[in-house]
Amino acid sequence: MNYKKFSLLFGFSIWLIATLLMRSFGDSILIIENTIVLASLYFGVIPLLFFLIKYVINRFKLCQKAQLKSAVLMAVPGMFCDVLCIKFHAIVFPKFTLDQTITLGSWVLWIYTLVLILGLCLKTKTSKIVGPTRY
């Protein structure tokens, strides 16, 4: 499997798992009155995203241009799906209040921004770099 297909599938899989977890436990996790909990969610996702994106970059030994393309491909499936999830939040997240839904929307935008920034800034593990045209 090439890095483009893998990135799309990987991004969709992460989105699906996160959405199912939020649907099941999100009303208990998104405690909007507690600043410490919210700050933990916003900053706690940074190391997780770092390792997930670093894994993809190192697995395929991507050059800088391919890294950014991979990050975009990882983010796009979730972005499209989250448009529908937020629009139809009463169906997808029935236990959420409107304020929790707004906070969730903010948090997923934060995550997609981080994915794109990390895809732009991270370096490969080895000196052997494969360009995007090889895959």
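**Figure 1. Being three residues apart in helix H1, Phe12 and Trp15 are separated by about one helical turn.** Helices here are DSSP runs of H or I with at least four residues, strands are E runs of at least two, and numbering starts at the N terminus. Phe12 counts as partly exposed because its relative accessible area is 33%, while Trp15 is buried at 13%. For these labels, buried means under 20% relative accessible area, exposed means over 50%, and partly exposed is in between (1.4 Å probe, protein chains only). A word on the model: it is predicted, local features need pLDDT of at least 70, side-chain atom pairs count only at pLDDT 80 or more, and totals for chains, interfaces and linings use all residues. Residues are numbered from 1 along each chain as its sequence is written, and side-chain values use heavy atoms, with hydrogens and water left out.

**Figure 2. The aromatic pairs of the chain add up to nine.** Phe6 and Phe10 make a stacked one, with 5.5 Å from centre to centre and 15° between the planes. To pair, rings of Phe, Tyr and Trp (its six-membered ring) need centres within 6.5 Å; planes under 30 degrees apart are called stacked, over 60 edge-to-face, and the rest tilted. Both Phe6 and Phe10 sit in helix H1, four residues apart, or about one turn of the helix. Phe6 is buried because its relative accessible area is 11%, and Phe10 is buried too, at 17%. Now look at Phe12 and Trp15: this pair is tilted, with 5.5 Å between the centres and 35° between the planes. Back at Phe6 and Phe10, Tyr55 and Phe60 join them to form one aromatic cluster.

**Figure 3. The largest nonpolar core holds 34 residues, and Leu104, Trp107 and Val115 have the most contacts inside it.** Helices H1, H2 (35–60), H3 (64–87) and H5 (98–121) each put in at least two core residues. H2 is the biggest giver, with nine. A nonpolar core, as used here, is a set of buried Ala, Val, Leu, Ile, Met, Phe, Trp, Tyr and Cys residues joined through side-chain atoms within 4.5 Å. Zooming in on Leu104, you find it touching Met22, Leu30, Ile86, Phe93 and Phe96, leaving aside residues up to four places away in sequence. Contact means heavy atoms within 4.5 Å.

**Figure 4. Thr19 is a buried residue, with a relative accessible area of 11%.** Its place is in helix H1. Leave out residues up to four places away in sequence, and Thr19 touches Asp82, Cys85, Val92 and Phe93.

**Figure 5. Ile17, Leu21, Phe25 and Ile29 form a nonpolar patch on the surface.** Together the four have about 370 Å² of accessible area, computed by the Shrake-Rupley method with a 1.4 Å probe, where for residues only the protein chains shown count as cover. Patches are built from residues with over 30% relative accessible area and no salt bridge; like charges are joined within 9 Å, and nonpolar side chains (Val, Leu, Ile, Met, Phe, Trp, Tyr) within 5 Å. The salt bridge in that rule is a side-chain nitrogen of Lys or Arg within 4 Å of a carboxyl oxygen of Asp or Glu. Ile29 lies in helix H1 (residues 3–29), and this residue is partly exposed because its relative accessible area is 31%.

**Figure 6. Leu16 and Pro77 have C-alpha atoms 9.8 Å apart, with their positions 61 residues apart along the chain.** Leu16 belongs to helix H1. This leucine counts as partly exposed because its relative accessibility is 34%.

**Figure 7. Lys61 has a phi near 50°, a positive value in a residue other than glycine.** You'll find Lys61 in the loop between H2 and H3. Its relative accessible area is 29%, so Lys61 is partly exposed.

**Figure 8. Stepping back, the chain has five helices and zero strands.** From the N terminus on, the elements read α-α-α-α-α. The C-alpha trace spans about 50 × 30 × 20 Å along its principal axes. Of the 135 residues, 39% are buried. Among contacts with a separation of 6 or more, 84% come from residues 24 or more positions apart. The accessible surface comes to about 8000 Å², and 73% of that belongs to carbon and sulfur atoms.
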